[in-house]
Amino acid sequence: MADSFIEIASEAIEIVGVAIIVIALARATGLYLFHVGRDPVAAYDRYKVDIGKGLLLGLEFLVAAHVVRTVVLEPTLDNLATLGLLVVVRTFLSWSVVIEIEGRWPWQLGSGKE
């Protein structure tokens, strides 16, 4: 009973993560298309920021779902290795997005675009 609840909860968290990414992409694209005629450079910069934030938030949910599933339901060595790899990839993507959006490494203070 508890295992099925955890599985359902994990799948629900995954669905939320995917929905966040899809909605963020759709919203960012709509705003970009609306503003690109006025100021293409600012519209593109805002587009990158909006997509990056949506990806980061969605990835957080996907990692959370995988953690729940791995730790509670299937704590095998293979699944733990997969989880570790997923966290490494997510961390790399987060750093890449921060560099792209803010023009600095995540551990640096300031915006870097001053």
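**Note on a predicted three-helix model**

1. At 11% relative accessibility, Asp-50 counts as buried, the cut-off for that class being under 20%. The model is a predicted one, and Asp-50 sits in its helix H2, which covers residues 40-73. Leaving aside neighbours within four places in sequence, the residues in contact with Asp-50 are Arg-27, Ala-28 and Leu-31. An acidic residue in the buried class is worth a look in the viewer, together with these three partners.

2. On the overall fold, the protein chain has three helices and zero strands. Read along the sequence, the pattern is α-α-α. The radius of gyration is 17 Å, well over the 13 Å that the globule rule gives for 114 residues, so the chain is more spread out than a compact globule. Taken along the principal axes, the C-alpha atoms fill a box of roughly 55 × 30 × 20 Å.

3. Burial and contacts can be read alongside those dimensions. Of the 114 residues in the protein chain, 25% are buried; Asp-50 is one of the buried residues, and His-66 is another. Among contacts in the chain with a separation of 6 or more, 56% are between residues 24 or more positions apart.

4. The surface and charges come next. The protein chain exposes about 7600 Å², and carbon and sulfur atoms supply 72% of that area. There are 9 positive and 13 negative charges, and the mean positions of the two sets are 12 Å apart.

5. Which rings form the aromatic pair, and how are their planes set? The structure holds one aromatic pair. It is made by Tyr-32 and Tyr-47, whose ring centres are 4.8 Å apart and whose planes are at 25 degrees, so the pair is stacked; the cut-off for stacking is under 30 degrees. Tyr-32 lies in helix H1 (residues 2-35) and Tyr-47 in helix H2, so the pair ties together parts that are 15 residues apart in sequence. Tyr-32 is partly exposed, with a relative accessible area of 23%.

6. Is His-66 buried or exposed? His-66 belongs to helix H2 and counts as buried, because its relative accessibility is 18% and the limit for burial is under 20%. Beyond the neighbours within four places in sequence, His-66 is in contact with Asn-79, Thr-82, Leu-83 and Leu-86.

7. One of those partners, Thr-82, is found in helix H3 (residues 77-102). The contact between His-66 and Thr-82 therefore joins a residue of H2 to a residue of H3. Along the sequence the two are 16 residues apart, and their C-alpha atoms are 9.3 Å apart in space. Thr-82 is partly exposed, at a relative accessible area of 41%, whereas His-66 is buried.

8. The last point concerns the segment after H3, where Trp-107 is placed. Trp-107 is exposed, with a relative accessible area of 55%; the class begins over 50%. The C-alpha atoms of Trp-107 and Leu-83 are separated by 24 Å, and the two residues are 24 residues apart along the chain. Leu-83 is also among the contacts of His-66.

Key
Residues numbered from 1 in each chain as written. Predicted model: local features only at pLDDT ≥ 70, side-chain atom pairs only at ≥ 80, totals over all residues. Heavy atoms only, no water. Helix = DSSP H or I, 4+ residues; strand = E, 2+ residues; numbered from the N terminus. Buried < 20%, exposed > 50% of the residue type's maximum accessible area, 1.4 Å probe, protein only. Contact = heavy atoms within 4.5 Å. Rg over C-alpha atoms; globule rule 2.2 N^0.38 Å. Areas by Shrake-Rupley, 256 points an atom, 1.4 Å probe, with all protein chains shown as cover. Lys, Arg positive; Asp, Glu negative; His and termini not counted. Charge placed at Lys NZ, Arg CZ, Asp CG, Glu CD. Phe/Tyr/Trp six-rings, centres within 6.5 Å; stacked < 30°, edge-to-face > 60°.
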